[in-house]
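Student: Please take a close look at a single residue in this model, and set it against the protein as a whole.

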Amino acid sequence: MSEHLGDTAAAQTSAVATELRVVVGKLRRRMNSGRVFGDFTPSQIAALARLESGGPATVSTLARAEGVRPQSMGAKVAALEAAGLVSGAPDPNDGRATIWSLTESARETVREARAAKDDWLFRAIRATLSADEQDQLAAGVALLTRLADS
């Protein structure tokens with residue numbers, strides 16, 4: 001009997017995992033529906049996010065962090081530079097390298113995008129969920145944070 005209960009618990013966990021993946025994807029699509037960075041690829045946006053969170057970096061450092069070849073990252077950074085989202089400065093430790101950072105315009109765009117997403121979530125939570133459900137959501141966010149950090 002305990003074996004059957006284990007199978008049932010595993011099946012339930014599997015179903016929850018699938019539902020969670022689907023709902024997180026749907027939520028992400030809803031939040032990104034007003035894409036701020038237009039036609040940029042997800043990998044270009046990832047490079048921007050990496051520079052925003054980790055600070056200035058060389059193409060090689062970005063490539064290692066994103067798990068791509070430096071040549072591929074170089075092309076991504078070149079497109080971002082052409083769009084005015086990143087700027088480069090000579091690396092004081094290696095004259096052959098360039099240290100890339102976000103432009104102030106890109107930083108402002110990131111701030112505005114986050115504020116818009118936060119506002120959308122705030123309004124959706126207030127309009128859709130009761131006070132008790134909002135408390136449940138807060139507890140769920142704490143659990144999701146633990147999952148994300150594991």
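Tutor: A residue is called buried when its relative accessible area is under 20%, exposed when that area is over 50%, and partly exposed in between. By that cut-off, buried residues make up 19% of the 150 residues in this protein. The model is a predicted one.

The residue to examine is Thr109. Its place is in helix H5, which covers residues 104–128. Thr109 has a relative accessible area of 18%, and because the cut-off for buried is under 20%, Thr109 counts as buried. Compare its position with that of Ser43: the two are 66 residues apart in sequence, and their C-alpha atoms lie 17 Å apart in space.

Now the setting. The protein has six helices and two strands, and along the sequence these follow the pattern α-α-α-α-β-β-α-α. The radius of gyration of the protein is 21 Å, whereas a compact globule of 150 residues would have one near 15 Å. Taken along the principal axes, the box filled by the C-alpha atoms is roughly 70 × 40 × 25 Å.

As for contacts between residues at least 6 apart in sequence, 47% of them join residues at least 24 apart. On the surface side, the protein exposes about 10600 Å², and 56% of this is supplied by carbon and sulfur atoms. The charges comprise 18 positive and 18 negative ones, and the mean positions of these two sets are 5 Å apart.

To return to the residue in question: Thr109 is a buried residue within helix H5, in a protein where buried residues make up 19% of the chain's 150 residues.

Definitions and conventions. Residues are numbered from 1 along each chain as its sequence is written. This is a predicted model: local features need pLDDT of at least 70, side-chain atom pairs count only at pLDDT 80 or more; totals for chains, interfaces and linings use all residues. Side-chain values use heavy atoms; hydrogens and water are left out. Helices (H or I, at least four residues) and strands (E, at least two) are DSSP runs, numbered from the N terminus. The radius of gyration is taken over C-alpha atoms; the globule rule is 2.2 Å times the number of residues to the power 0.38. Buried means under 20% relative accessible area, exposed over 50%, partly exposed in between (1.4 Å probe, protein chains only). Contact means heavy atoms within 4.5 Å. Accessible areas come from the Shrake-Rupley method with a 1.4 Å probe; for residues, only the protein chains shown count as cover. Lys and Arg count as positive and Asp and Glu as negative; His and the chain ends are not counted. The place of a charge is taken as NZ of Lys, CZ of Arg, CG of Asp or CD of Glu.
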